[in-house]
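Please open the structure in your viewer and keep the selection tool at hand. This tour goes from one selection to the next and says what is to be found at each stop.

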Amino acid sequence: MTVFLQFLFSGLTVGSVYALIGMGFNIIYNATSIINLAQGEFVVIGGLLMWFFLESCNVPFFAAIGLSILSAGLIGLIMERLTIRPLRTNDLLVMTMVTIAVSIVMRGLLMFKFGKEPYSYAAFTEGDPLVIGGAVIQLQTFWVLGITAACILGLYAFFNLTMVGKAMRACSFDPTAASLVGIPVSRMIMFSFILSAVVGAVGGAAITPISLMEYDKGPMLAVKGFCAAIMGGLGRGRGAIVGGLTIGILESMTAGYLHSGLKDAVALVILLAILFFRPAGMFGNTTMQRLKGH
Amino acid sequence: MTREHGIALLILAALVLAIPSIVTDSYVMTLMIFSGINAIAAIGLCILMGSAGQVSLGQAGFYGIGAYASSVLSQSFGLPVPACMAGAAIVSALAAVILAVPSLRLKGHYLAVATLGFGEIVYIVLNEFGPGGPSGFGDIPPLSFAGVAITEPAHVAWTVWGFLLLVLVFSLNLLNARPGRALRALHGSETACSAMGLDIVRLKIKVFVLSAVYASIAGSLYAHYVTFISPSSFSFFHSVLLLMMVVLGGITTVWGGVIGAVIITLLPETLKSFEELDVLAYGLILTLSLLFLRRGIVPIVIDKFRTSERGHA
């Protein structure tokens, strides 16, 4: 039972980062129908920038968080302005490939700046780990869970209570109708990239003290987050949360009870199974998805 | 196959025959062999993207199956190499059918996602359960035909580029015959195609299987040439490289795959001077070619040539 609890908590921790990545996918997918495969790089950027500001520039903690979020948002903005916006084709294939290309550029820059070694920094608060039912849980775990919950609530409030958030939702329902009522669709697409970069970076900054961060972690994180988004039904915010946590827990159980090398295969097997049997996600409506066409 | 394609094929065939007299440096010869191997896989992806409008992010998976299956068959069972390559191609084709049937029934780019997952799974399985694990295994029998081993680099180059010529002839004929016409019609209007009674899904599945078989043949050639393989050669990065070749060369003609493969295979040698910036340079080249050479090098060059020809007449 103790071991089970231990696995459960470590699964919830990584799972919440997958959930954040999955939500990042959804934000951009809803605004543009693009699958942004550079989503994992945003997480790596969050972790490595946080290290850079904390350890290398000796900036105080809260300023470092602020600066990391700001820089990540800026990177999202630059990505959208330099690659997605000039393309403006309807060819989703080309756009998705551009995001792959951008992710390689980001990896190249990260490797140039940070090299190949893994980075880490001190947990957000000092203190002894908590013992719950015999399982030892680091305090940072609660930070990750808390930050994820705060992100979820923040995004919910943003999309339901603010004008910009509502405008972004309008674009995802029907871009033409949205632009007819005066919503600047192109600016909303820009916002979606900024927002999803920030969400990814926050996840990266929170998880780095636990699981370390290195320049080439992006693609695997993107695949996991994407599995989370697909599992919940692409474009459904709440689905990604359930998907991410489920994948995290299953992964940690597989690594613990079966074989650690198969850890990464779990999410992929789930991904294929979902694509084959329930393409609209666990909670989605298959016929609607098929009619919509994307 | 049109006359232009025929002439291009003859020129290529002449060049292939002349390889030993053109290429004297053994390192350049190695690069030529790798270009040819990559080109075979790239042509498959080219047809898939250009004709069926689908993308695969997991070609390295089929490439890996081709390499591992063929090596294991020849090493452990002592079967002749051509038979092993055929066996590996069958395994890849089966995997492709299993992937394609469910994902192509859905509209949109579900195949891309499925292949991404598939490629990663193959990579993990090779890492965990493949012979030698992450460090791979060696002593793979070299290429051979009718019991005669082909080890001389020039002969290997002939074999590889010979395979490439066969693949080109087959593909060009296919694209010019009924399946090709159907695929071109598919590009025009999917609805009109189904109204005419074409089974679109079946056609797309066939194209995908073809691309998997090409990748598998390329993988087998690679394994029997290098005689040592490890999972790292079949990672997601290789799938992206193949994609890059096709995008850079141009997806509208199979020649794009060939030109793209040669450029991308030779590129790391030119980028070596950038040292640790080579990943960055790779990414920038891909990004810029997507932004500015969206149609690919070969189609652009052909268009330029045609307009200048018309200008003279």
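**First stop: a loop in chain B**

Select Gly133(B), which is placed in the loop between helix 6 and strand 1 (144-145) of chain B; helices (H or I, at least four residues) and strands (E, at least two) are DSSP runs, numbered from the N terminus. Before going further, note that this is a predicted model, in which local features need pLDDT of at least 70 and side-chain atom pairs count only at pLDDT 80 or more, while totals for chains, interfaces and linings use all residues. Residues are numbered from 1 along each chain as its sequence is written, and chains are lettered from A and ligands numbered from 1 in the order in which they are written.

Is Gly133(B) buried or exposed? Gly133(B) is partly exposed, because 14 other C-beta atoms lie within 10 Å; a residue is buried if 20 or more other C-beta atoms lie within 10 Å of its own, exposed if 12 or fewer, and partly exposed in between, with C-beta atoms placed from the backbone. Leaving aside its neighbours within four places in sequence, Gly133(B) is in contact with Asn127(B) and Glu128(B), where contact means that the C-beta atoms of two residues, placed from the backbone, lie within 7 Å. Now add Glu120(B) to the selection: Gly133(B) and Glu120(B) are 13 residues apart in sequence, and their C-alpha atoms are 15 Å apart in space.

**Helices 5 and 6 of chain B**

Next, select Val122(B), which lies in helix 6 of chain B. Val122(B) counts as buried because it has 24 C-beta neighbours inside 10 Å. If its neighbours within four places in sequence are left aside, Val122(B) is in contact with Gly61(B), Gly64(B), Ile65(B) and Phe234(B). By contrast, you can draw a line from the C-alpha atom of Val122(B) to that of Asp25(B), 97 residues apart along the chain, and find a separation of 36 Å.

Then show helix 5 (residues 81-104) and helix 6 (residues 110-129) of chain B together, whose axes come within 9 Å and cross at roughly 150°. Axes are lines fitted to C-alpha atoms, for helices over the stretch in contact, and angles run from 0 to 180 degrees between N-to-C directions. In this contact, Leu99(B), Ala100(B), Ser103(B) and Leu104(B) in helix 5 of chain B meet Tyr110(B), Leu111(B), Ala114(B), Thr115(B) and Phe118(B) in helix 6 of chain B. These residues divide into seven nonpolar, two polar and no charged; Ala, Val, Leu, Ile, Met, Phe, Trp, Tyr, Cys and Pro count as nonpolar, Asp, Glu, Lys and Arg as charged, and the others, Gly among them, as polar.

**Across to chain A**

Select the whole of chain A, whose secondary structure comes to 12 helices and two strands. Of the 294 residues of chain A, 50% count as buried, and the C-alpha trace of the chain spans about 60 × 45 × 35 Å along its principal axes.

Within this chain, pick out helix 9 (218-232) and helix 11 (263-277) of chain A, which pack at an angle of about 35° with their axes 9 Å apart. Here Met220(A), Val223(A), Lys224(A), Cys227(A), Ile230(A) and Met231(A) in helix 9 of chain A meet Asp264(A), Ala267(A), Leu268(A), Ile270(A), Leu271(A) and Ile274(A) in helix 11 of chain A. The residues of this contact divide into 10 nonpolar, no polar and two charged.

Two loop residues of chain A are worth a look. Asn58(A), in the loop between helix 2 (39-56) and helix 3 of chain A, has a phi near 55°, a positive value in a residue other than glycine, and Asn58(A) is exposed, with 8 other C-beta atoms within 10 Å. Leu212(A), in the loop between helix 8 (185-211) and helix 9 of chain A, also has a positive phi, of about 60°, although it is not a glycine, and Leu212(A) is partly exposed, with 14 other C-beta atoms within 10 Å.

**Last stop: where the chains meet**

Finally, show both chains: 35 residues of chain A are in contact with 34 residues of chain B. Which helix of chain A gives the largest share of the side that touches chain B? That share, 16 residues, comes from helix 4 of chain A. By class, the side of chain A that touches chain B has 26 nonpolar, six polar and three charged residues. The predictor gives the complex an ipTM of 0.78 and a pTM of 0.84.
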